[in-house]
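Good morning, colleagues, and thank you for making time for this presentation. I ask that you keep the sequence and the structure in view while I speak.

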Amino acid sequence: MSDTKLDDPRQSNRTLLVKLGVVVVVMFGFGFALVPFYDQICKATGLRDIDNPDRLENSQVDRTRTVRLEFDANVHKLSWTFRPLAQVVSVHPGEMAQVVYEVENRTERPMTGQAVPSYGPQLAAEYFKKLDCFCFAKQSFGPHERRQMPVVFVIDPRLPRDVNTISLSYTFFEVEGN
Amino acid sequence: MSSIPHDHAAGHHVDHDHAHHPSGTMRWITTTNHKDIGTLYLWFSFIMFLAGGVMALAIRAELFQPGLQLVEPEFFNQLNTVHGLVMIFGAIMPAAVGFANWQVPLMIGAPDMAFARMNNWSFWLLPFAAVLLLSSFVVPGGAASAGWTLYPPLSVQTGMGMDLTIFAVHIMGASSIMGSINIITTILNMRAPGMTMMKMPLFVWTWLITAYLLIAVMPVLAGAVTMLLTDRHFGTSFFNAAGGGDPVMFQHIFWFFGHPEVYIMILPSFGIVSTIIPAFARKPLFGYASMVYATASIAILSFLVWAHHMFTVGMPAAGQVFFMYVTMLIAVPTAVKVFNWVATMWKGSMTFETPMLFAIGFIFMFTVGGFTGLVLALVPVDIVLHDTYYVVAHFHYVLVAGSLFAFFGGIYYWLPKWCGRMYDETLGEWHFWTSFVFFNITFFPMHFLGLAGMPRRVPDYATQFTDWNEVASIGAFGFGLSQLIFLYAVLKAIRSGPPAPAKPWEGSDTLEWTLPSPAPYHTFENPPQVS
C-alpha cells in the first residue's frame, strides 16, 4: 500500500476517523472497567473491607478507661422494625463484648436486607473491631419473621484517649436475596 | 457585490457560484461550511452564556443578604447545578469549538474541516441538548440539583430532571467527540504543503491536544452518567453501598473525566492568547517549541491528578501526598507558558487594542487563579478549604478571567476577518474595563469568604459573611450588565462597522490574514504554499 496523503485524502481521513473512533470506544469501555478495577484496588489495599471480620492484634484490656458506646438503628424505605436491645453500653478498650439487635420483617413477603454500619466520630471506624456481625452478610427474613442478631466486637486499645464516646449506627437497605 | 449585513458573522462574499446553494433558514440548518458552523457555535454559546448568567444573577441576588428572600432552597440548588452545566457544556466548550471551526482550517490552509457533514451534526445536536437541559426546570421535581458534579447518592434519588440532564450530557458528549475527531483529522491530514507540525500556529496545537483530551475523557463521563442512569432505573448498584457499590467510586470516575475537562476548557484559550500577544507586541512568540511541549505536558499530567478534588473522602495519606505532588507539578509547564508570554512582550513594540487588553488581563488573572489552585493543591490546606468559597473563587478566576476573557479577546481579534468590519474600539475598551473591574469585585472577596469558612452551594449563610456577599453580588450584576456592552459592540460592528482591511492588525502573521476581509465563503480551495 503506497497511497500517499495527496493521492487519496478521503481514504486517509476515513482511516483516521476509524482509529479515533476505536479510541472513543476503548475509553468508554475503560470507564466501565474502572468499576472492577476499583474493587481490586480496594481489596489489594485493604481499604473499605466492611464485610469481613476484623483481626485484633492487641487484646490487652485497658481498665484505666471506659468508652461509652451508643447504638442506633435505621431502615431505608423498609417496613421493618430494627432496634438495638441495649441503647448504651460501657466497655474497656481491649475487652470483648457483644450487643444484640432485633429485626422484624413486618410485611407479608420474604425480603432480604443488607445492614451498612456508620461510626461517629468517623475515625472510630478504625478502632471498632467487629469479630462477628450481621452486617457481614445479607440477611433474609420470611414474612413477619423476627430475629435477634449479635455484634461481637472489641474496641482497639489504641483508640485516641480523647475519644470517650463512640456511636455505631446501622442502616438496613433492601437488596436482592441469595 | 456588497456584503449583505445580517445577524451572522459570516459575510456573503460572492466568490462562489452555487446556483443551488440554499439561503435563509435552510442555509443554516444544512450548512457544511466551517465558517457558517463556527458562527452557529459562537452564537449558540453566547445565548447559553446569557442564560447561565441569568441563573448566576439569581443566585447572587439570593445571596445578597443572609436569610431566604427570593427562592426556595431546592430551586437554589437547581440554579447552582444548571448554571454550572450550562456554562461548562453550553458556553465555554461550544465557544471553543466555534473558534476551532472558524480558525483551524484558515490557519492551516485547508478548504474546510475533514468531515463537513459530521460537523453540521455536531453543532445541531447542541441546541437539542440545551432544550433538554433547560426544560428540566419545568418538569415535576425541577431540574437536577445535586451540583454539576452529580454526586450520588443524591443524584440517584432525585426526580426526572436528573434523567433529562443525563441525556443532555450524553448528547453534548457525542457532539464534542465528533467535533474532536473532525479537528484531529483536519489538523493531521489537511495542512497546506510546507506546514509541518512545528510550523503550525500555536492555536492549532492547543486545539489538537485539546481534541485528544476530549476523545479520551468524554467517553468516561458518558460511562459515569450511564451508571447513574442504571442505578436510578435499572436496578444496578454501582454507587449503592447496600448493593456492594460505593458512592466514592463515582467521584473517582467522574473526576478522571473532570480534571482533564478543566484543561479542555483552558487550552484553546492558551492558544488564543499565544496568537494575540505576539501580534500586538509585534514580536514572534517566545519559545514556540517549549510552548508546544508545555501544552502536551499539561495534557498528560492532567490524567494523573483527579483525586485532588477528593482529598476529604477518607483517602489514605499516601494517596493524598501523591496527588498533591503531581498537582503541584502541573504548575511547572503552566509557568513556562506564562513566562513565555511575558518574554514575548519583553522589548516588543506594544499597542493595547481590545484584544491585547483581554490577553494581558488573562495573563494576570489566570495566574492569580493558578496560584489559588496551588494553594488548594496542598492537602492540609484543602482539608479546610474544600467545598468553601475559596474553591469557587479559584475556578471562576481561571474559567471566567481566564478562558472567557481569552474568548472575548479572540472575538475582537478575529471579528474583522469573519465579518469584514471593524468593531468600535471605544466600546471594546469599555467592555474590557467594566468586565475586569466588576469581575474582580465579584470574585476576589470570595477568597476571603472561603478562608473565613463560608461553604459553597448554600442558599443562606451565617451573618458574619454578609459584607463580602453584598460586595460580590453588586459586582455580579455589574459584570452581567457589562456583557451587554459586548453584545452591542458585536452587533454594531456587524451592522455598521467600518470595512476592515485584509490585515487590520499590523503584527499578525498567520494564514487567515492573507485572505480578504470578510473571508470568502470558500477559501484555500487550492492550498497556499507555506515557506
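Helix α14 of chain B covers residues 425–452. With its 28 residues, α14 of chain B reaches 41 Å from its first C-alpha to its last, close to the 40 Å expected at 1.5 Å a residue. I should say at once that we are looking at a predicted model. Where does α14(B) bend? The bend is at Ile441(B) and amounts to about 25°, and a proline, Pro445(B), follows within four residues. After α14(B) comes Gly453(B), whose phi is positive, near 110°.

Let me now turn to chain B as a whole. Its secondary structure comes to 15 helices and 0 strands. The radius of gyration of chain B is 23 Å, and the globule rule gives 24 Å for 531 residues; the two values are close, so chain B is as compact as a globular protein of that length. Along the principal axes, the C-alpha trace of chain B spans about 65 × 50 × 45 Å. Of its 531 residues, 54% count as buried. If one takes the contacts in chain B between residues at least 6 apart in sequence, 83% of them join residues at least 24 apart.

One residue deserves individual attention, namely Ser517(B), found in the segment after α15 (466–496) of chain B. Is Ser517(B) buried or exposed? Ser517(B) counts as buried, because it has 24 C-beta neighbours inside 10 Å, and the threshold for that class is 20 or more. Leaving aside neighbours within four places in sequence, Ser517(B) is in contact with Pro416(B), Lys417(B) and Gly420(B), and also with Ala500(B), Pro501(B) and Ala502(B). Leu42(B) lies 475 residues from Ser517(B) along the chain, and their C-alpha atoms are separated by 19 Å.

I come next to the nonpolar cores. In soluble globular proteins, nonpolar side chains tend to be buried together. The largest nonpolar core here has 172 residues, and those touching the most other members are Val204(B), Ile215(B) and Ala224(B). It is α7(B) that gives the most to this core, with 22 residues. Which residues does Val204(B) touch, not counting those up to four places away in sequence? They are Val104(B), Met107(B), Ile108(B) and Ile187(B). Apart from the largest core lies another, of 21 residues, which includes Val103(A), Cys133(A), Phe134(A) and Leu168(A).

That brings us to chain A. Chain A holds 1 helix and 9 strands, and from the N terminus on the helix precedes the strands. How does its radius of gyration stand against that of a compact globule? Chain A has 26 Å, whereas a compact globule of 178 residues would be near 16 Å. The box filled by the C-alpha atoms of chain A, taken along the principal axes, is roughly 85 × 45 × 20 Å. Buried residues make up 17% of chain A. Among its contacts with a separation of 6 or more, 76% are between residues 24 or more positions apart.

Finally, the contact between the two chains takes 24 residues from chain B and 24 residues from chain A. On the chain B side, α6 (160–189), α7 (202–233) and α8 (247–281) each supply at least two residues. The largest share of that side, 7 residues, comes from α7(B). By class, the side of chain B that touches chain A has 18 nonpolar, 5 polar and 1 charged residues.

Notes:
Residues numbered from 1 in each chain as written. Chains lettered and ligands numbered in written order. Predicted model: local features only at pLDDT ≥ 70, side-chain atom pairs only at ≥ 80, totals over all residues. Contact = placed C-beta atoms within 7 Å. Nonpolar A, V, L, I, M, F, W, Y, C, P; charged D, E, K, R; others polar. Rg over C-alpha atoms; globule rule 2.2 N^0.38 Å. Buried ≥ 20, exposed ≤ 12 C-beta atoms within 10 Å, placed from the backbone. Expected span 1.5 Å × (residues − 1). Bend = angle between axes of the 7 residues up to and from the residue. Core = buried A, V, L, I, M, F, W, Y, C linked by C-beta atoms within 7 Å.
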